[in-house]
Amino acid sequence: MDIQTAQNQIVDRLASEWGLLTAGEGDVWNTMTIAWGQTGNLWWKPVVTAYVVPSRYTFGFVEQNDYFVVSLFPKEYRDDLQILGSKSGRDGDKVALTKLTPKPIEHGVTFEEADTTIVCRKLMEQPLDPAAIPAEVMQKYYQTMGVHSMFIGEIVDVQ
């Protein structure tokens, strides 16, 4: 699949089917379920934007690594993504609770069951400014947690 085709799928599939954001390599990595994100063109590069709350265990992995991976799955893996979105890697091997099989790739980790894997080289990180977020959004999403940080990554490979 080419980059433009993958970009066309990302937003729709994240919203309806979710995906995984994974960062790290080898034996040191973590993954989390994502349902928000964007794709587009920034600085003449094809990019993906992912959002992570600093309290999430995966946040440190995305922050400390130069790459992150977005993996998309057939609908039959939705229950597995639900598990990965509700458990923390701090507490143990949450992937072992699923039917998913980690698969090392250049610059990260994806899963055998993923039908689309997007490898991104991190270009920037920016915490969202709570003062710039509409009050109704703050009330709905940020009553019990800090605001997300935005990670923008250049798409360097699609599998």
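Begin by selecting helix α2, which lies across β1, β2, β4, β5, β8 and β9 and runs at about 115 degrees to β2. Keep in mind throughout the tour that what you have open is a predicted model. Next add helix α1 to the selection: α1 lies across β1, β2, β3, β4, β5, β8 and β9, and its direction makes an angle of about 150 degrees with β3.

**The sheet**

Now colour the strands that these helices lie across, and trace the open sheet of seven strands in the order β2-β1-β5-β8-β9-β4-β3, where the pairing is antiparallel. At the edges you will find β2 and β3 (38–42), each of which pairs on one side only. If you turn the view, you can follow how neighbouring strands of this sheet are turned against each other, by 35 degrees on average when direction is ignored.

Start from the β2 edge and walk inwards. Strands β1 and β2 are antiparallel partners joined over seven bridges, and one pair to pick out is E25 with its bridge partner V28 in β2. From β1, step across to β5, which runs antiparallel to β1 and is joined to it by four bridges; here G19 has L72 of β5 as its bridge partner. From β5, six bridges lead on to β8, again in the antiparallel sense, and Y67 is matched there with R121 of β8.

Stay on β5 for a moment: is this strand mostly covered or mostly uncovered? Five of the six residues of β5 are buried, so to be counted in this way each has under 20% relative accessible area.

**The cores**

Show side chains next, and select L21, V48, F68, V70 and I118, the residues with the most contacts inside the largest nonpolar core, which has 21 residues. At least two residues of this core come from each of α1 (3–17), β1 (19–25), β2 (28–34), β4 (45–52), α2 (57–64), β5 (67–72), β8 (116–127) and β9 (149–158). Centre the view on I118, which, leaving aside its neighbours within four places in sequence, is in contact with A6, I10, V48, F68, V69, V70, L72, I155 and D157. There is also a second, separate core of ten residues, and among them are W18, Y77, L81 and V95. In general, nonpolar side chains tend to be buried together in soluble globular proteins.

**Helix α3**

L81 takes you to helix α3 (residues 78–86), whose buried residues are D80, L81 and L84. Looking down the axis of α3, you can see that these buried residues fall within an arc of 100 degrees, so they line one face of the helix. The elements that cover them include α1, β1 and β2.

**Two loop residues**

Move to the loop between β2 and β3 and select G37. With a relative accessible area of 16%, G37 counts as buried, and beyond residues up to four places away in sequence it touches V11, L14, T49 and Y51. For a sense of distance, draw a line from the C-alpha of G37 to that of K99, which is 25 Å away in space and 62 residues away in sequence.

Finish at H148, in the loop between α4 (135–141) and β9. Its relative accessibility is 8%, and therefore H148 counts as buried. Which residue shares a side-chain polar contact of 2.6 Å with H148? The partner is Y142, which is also among the residues that H148 touches when those up to four places away in sequence are not counted, together with W36, Y51, V52, V53, P127 and L128.

Terms used
Residues are numbered from 1 along each chain as its sequence is written. This is a predicted model: local features need pLDDT of at least 70, side-chain atom pairs count only at pLDDT 80 or more; totals for chains, interfaces and linings use all residues. Side-chain values use heavy atoms; hydrogens and water are left out. A nonpolar core is a set of buried Ala, Val, Leu, Ile, Met, Phe, Trp, Tyr and Cys residues joined through side-chain atoms within 4.5 Å. Buried means under 20% relative accessible area, exposed over 50%, partly exposed in between (1.4 Å probe, protein chains only). Contact means heavy atoms within 4.5 Å. Two strands pair if DSSP finds at least two bridges between them. Axes are lines fitted to C-alpha atoms, for helices over the stretch in contact, and angles run from 0 to 180 degrees between N-to-C directions. A polar contact is a pair of N or O atoms within 3.5 Å; within protein, one must be able to donate a hydrogen and the other to accept it, and residues adjacent in sequence count only if both atoms are side-chain atoms. The arc is that of the directions from the helix axis to the C-beta atoms.
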